[in-house]
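Student: I'd love a close look at one part of this model, with some sense of what lies around it. Could you walk me through the loop you find worth a visit, and then on to its surroundings?

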Amino acid sequence: MTTIRLVQGDITRESADAIVNAANSSLLGGGGVDGAIHRRGGPAILAACRDLRASRYGKGLPTGQAVATTAGNLDARWVIHTVGPVYSRSEDRSELLASCYRESLRVADELGARTVAFPAISTGVYRWPMEDAARIALETVRETSTGVEEVRFVLFDEPAYEVFARQLD
Ligand code: AR6
C-alpha cells in the first residue's frame, strides 16, 4: 500500500529517498522547481545530468520519461528528473503527464526508494491548470502498483495545496 501525503512548502527542503524534478528535456536546468533543485543541490546534479546527456540522452530526455541522478546536497539519495508536457488546449497531453508520475515511480522502484516527493509537474512554466494536473497526478499514483511506501506531493503555495487536498478527498 502506498500512502499519499500532501505538504505545502519548498521541495528542496524535504527529506525523502527521492525528490522528483520537473525538468526540461535538456536536463541542464531551468527556472521553477528545476532551478531551485540545482541551486540547493549543488553542481554534482548538473554534472550527473551532463553525463546522462553524453551517454544516453544526446537528444534530450523525452517528455513523459524519467531518469535518476545523485541528489547532491539535498536531503535525499536521488533526484528523479522527469519532463512534463507543455499544456495545450488543442491537444490532450494527459497521458504524457500521467507518464511522468508512472515513470518516476518505476525509476524509484528500480532504485529501491521507499519515499518519493513530487512537485506538481507541468503546473508552472508549462501552464497546466492545477485542478486538472492534481486529478491526473493523484489518479495515476493511486493506479500505479509500486513498492514506494510514501508518495508526498509538495505543493509550493496554499492555493495549490488546497486544490490537491480537495481532489484527494
Ligand atoms: N518546491 C515545490 N514546488 C515548486 C518549487 C519548489 N521549490 N518551485 C516551484 N514550484 P515549474 P513545469 C512549483 O515551472 O511547469 C523549468 O524552467 C510551481 O509553483 O517548476 O513542469 C524547467 O527547466 C508549480 O506549481 O515546472 C522546465 O523548462 C510547479 O512547481 C519548465 O520549468 C511546477 O512548476 C518545467 O515547467
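Tutor: Gly-31 sits in the loop between strand 2 and helix 1. Is it buried or exposed? Gly-31 counts as exposed, because it has 10 C-beta neighbours inside 10 Å, and the limit for that class is 12 or fewer. Across space, the C-alpha atoms of Gly-31 and Leu-61 are separated by 17 Å, with their positions 30 residues apart along the chain. Bear in mind that this is a predicted model. Its average pLDDT is 98, and 100% of the residues score at least 70. For the complex, the predictor gives an ipTM of 0.99 and a pTM of 0.99.

Stay in that loop for a moment, since Leu-27 is found there too, between strand 2 and helix 1. Leu-27 counts as buried, because 24 C-beta neighbours fall inside 10 Å and the class begins at 20. Its backbone deserves a glance as well. Most residues other than glycine have a negative phi. Leu-27 is not a glycine, yet its phi is positive, at about 65 degrees. A second case turns up in another loop: Ser-122, also not a glycine, has a positive phi of about 70 degrees. Ser-122 belongs to the loop between strand 5 (115–118) and helix 4 (130–143). With 27 other C-beta atoms within 10 Å, Ser-122 is buried.

Now for the ligand. Which residues come nearest to it? Of the 24 residues around the ligand, the nearest are Ala-22, Asn-24, Gly-30, Gly-32 and Gly-124. The elements on either side of our loop take part here: strand 2 (18–23) and helix 1 (32–41) each supply at least two residues of the shell. Helix 1 gives the most, with four residues. Sorted by class, the shell around the ligand holds 13 nonpolar, nine polar and two charged residues.

Going back along strand 2 brings us to Ala-18, which lies in that strand. Ala-18 is buried, as 26 other C-beta atoms lie within 10 Å of its own. Which residues does Ala-18 touch, once those up to four places away in sequence are set aside? Its contacts are Ala-76, Arg-77, Trp-78, Ile-80, Ala-108, Leu-111, Ala-113 and Val-116. There is a long-range pairing to look at too: Ala-18 and Thr-115 are 97 residues apart in sequence, but 6.5 Å apart in space, C-alpha to C-alpha.

Ala-18 also leads us to the interior. Nonpolar side chains tend to be buried together in soluble globular proteins. The largest nonpolar core in this model has 51 residues, and those with the most contacts inside it are Ala-18, Ile-19, Val-79, Ile-80, Val-116, Phe-118 and Ala-137. Helix 3 (residues 94–111) gives the most to this core, with six residues.

From Ala-18, follow its contact Ala-76. Ala-76 has its place in the loop between strand 3 (66–70) and strand 4 (78–83). Despite that loop position, Ala-76 counts as buried, with 25 C-beta neighbours inside 10 Å. Leaving out residues up to four places away in sequence, Ala-76 touches Ser-15, Ala-16, Asp-17, Ala-18, Ile-19 and Ala-71. The C-alpha atoms of Ala-76 and Gly-41 are separated by 9.7 Å, and the two residues are 35 apart along the chain.

One of those partners, Ser-15, makes a good last stop. Ser-15 lies in the loop between strand 1 (3–8) and strand 2. Ser-15 counts as exposed, because its C-beta neighbours inside 10 Å number 11. Beyond four places in sequence, Ser-15 touches Asp-75 and Ala-76. Its C-alpha atom is 9.1 Å from that of Val-116, although the pair is 101 residues apart along the chain.

To place all of this in the wider chain, an unreviewed UniProt entry carries the annotation "domain: Macro" for residues 1–169. In the model, that span is 39% helix and 20% strand, and its end C-alpha atoms lie 18 Å apart.

Methods:
Residues numbered from 1 in each chain as written. Predicted model: local features only at pLDDT ≥ 70, side-chain atom pairs only at ≥ 80, totals over all residues. pLDDT = per-residue confidence, 0-100. Core = buried A, V, L, I, M, F, W, Y, C linked by C-beta atoms within 7 Å. Near = placed C-beta within 6 Å. Nonpolar A, V, L, I, M, F, W, Y, C, P; charged D, E, K, R; others polar. UniProt positions renumbered as here; feature names shortened; annotations may be inferred. Contact = placed C-beta atoms within 7 Å.
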